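Q: I am new to this structure and would like a close look at a single part of it. Please take me slowly through the charged side chains, and say where each one sits.

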Amino acid sequence: INKFLTCHLKKCFCPTPKGGSFQYCCSPLKHYLKVLRDNKLVDFPPTKPILPADKILRNFGKFLEKIKGLTTSSIRIYSRYIREFIKARYRDAPINFKKLAHNDIKEYVICKAKVYNPKTTQLLASSLRTFFDFLRVTNRIKFSLRDAVPTVPCRRLSSIPKYLNDEQLECLLSSFNLSSSLGLRDRAMALLMSRLGLRCGEVSQLKLEDLNWRQGIIMIKKNK
């Protein structure tokens, strides 16, 4: 599977189309591999040791899901930022959150703000505050550290928004192959974003039961 994704997919000239991008193919191939393993048609890989950071992030994910009510995509994003924080702070040293200092957190956010754009830095800060709430609730730290995370300013009109003009949008909508199911799906997604102003994440999470055809209503599940 790795060879197919990294080698074949980049220069695929098969008579049957490959069906999509790297990201598009990853999910069904992982599911296919799981089916093969469930039916004992392929061997399981050697079990990797569970690191302390993995255990913490697993419990953090449950906290985000059950207590905060976040979606799977939000949990994945928050966990990625926290994994980077733990790796940068402790590296190969034992993890001891009780020794975290306010300056350690402030310096980390300031350092990342030099690399990230303001919105990404805001998301990092939000992830850290939520993580420190988790540490306090689970008694991994004695005092709350959420106030140690600096506020990141991000003004809405600080930059000019980019958009497609009418001619460019019409060119985009007419570029899809409507004779294939993928083309129809992609054009429907583009229409939802351009005509209704939905975000990419909102469109990707839509299900048939979210559409009320008779009343012309679409139910959107917002990430918290």
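A: What follows is a walk through the charged side chains, with a short setting of the scene before it and two notes on the backbone after it.

The model is a predicted one, and it is best to begin with its outline. The protein has nine helices and two strands, and read from the N terminus on, these elements run α-α-α-α-α-α-α-α-α-β-β. Of its 224 residues, 24% count as buried, while the protein exposes about 17300 Å², of which carbon and sulfur atoms supply 57%. Among the contacts with a separation of 6 or more, 48% are accounted for by residues 24 or more positions apart.

Turning to the charges, the count of salt bridges comes to five, and three of them are described here, including one within a helix. That one joins the side chains of Asp38 and Lys34, with N to O at 2.9 Å. Both residues belong to helix H2, which covers residues 22-38, and they stand four residues apart, or about one turn of the helix. Lys34 has a relative accessibility of 48%, and because this value does not pass the 50% cut-off for an exposed residue, Lys34 counts as partly exposed.

Another salt bridge is formed by Asp54 and Arg83, whose closest N and O atoms are 3.1 Å apart. Asp54 lies in helix H3 (residues 52-66) and Arg83 in helix H4 (residues 72-90), so this pair ties together parts that are 29 residues apart in sequence. Asp54 is partly exposed, with a relative accessible area of 23%, and Arg83 is partly exposed as well, with a value of 42%.

Helix H4 also takes part in the salt bridge between Arg89 and Asp104, where the closest N and O atoms are 3.2 Å apart. Since Arg89 lies in helix H4 and Asp104 in helix H5 (residues 102-113), the pair ties together parts that are 15 residues apart in sequence. The relative accessible area of Arg89 is 32%, which makes it partly exposed, and Asp104, with 26%, is partly exposed too.

There is also a group of charges that forms a patch on the surface: Lys55, Arg58, Lys62 and Lys66 make up a positive surface patch. Two of its members can be placed in more detail. Lys62 lies in helix H3 and is partly exposed, with a relative accessible area of 43%. Arg58 is likewise found in helix H3, where it is partly exposed with a relative accessible area of 47%. Arg58 can also be set against Ser79, for these two are 21 residues apart in sequence and 8.7 Å apart in space, taken from C-alpha to C-alpha.

Two notes on the backbone remain. Most residues other than glycine have a negative phi. Lys40, however, has a positive phi of about 60° although it is not a glycine; this residue is found in the loop between H2 and H3, and it is exposed, with a relative accessible area of 75%. Asn139, also a residue other than glycine, has a positive phi near 60°. Its place is the loop between helix H6 (118-137) and helix H7 (166-173), and with a relative accessible area of 58% Asn139 is exposed.

Definitions and conventions
Residues are numbered from 1 along each chain as its sequence is written. This is a predicted model: local features need pLDDT of at least 70, side-chain atom pairs count only at pLDDT 80 or more; totals for chains, interfaces and linings use all residues. Side-chain values use heavy atoms; hydrogens and water are left out. A salt bridge is a side-chain nitrogen of Lys or Arg within 4 Å of a carboxyl oxygen of Asp or Glu. Buried means under 20% relative accessible area, exposed over 50%, partly exposed in between (1.4 Å probe, protein chains only). Patches are made of residues with over 30% relative accessible area and no salt bridge: like charges are joined within 9 Å, nonpolar side chains (Val, Leu, Ile, Met, Phe, Trp, Tyr) within 5 Å. Accessible areas come from the Shrake-Rupley method with a 1.4 Å probe; for residues, only the protein chains shown count as cover. Lys and Arg count as positive and Asp and Glu as negative; His and the chain ends are not counted. The place of a charge is taken as NZ of Lys, CZ of Arg, CG of Asp or CD of Glu. Contact means heavy atoms within 4.5 Å.
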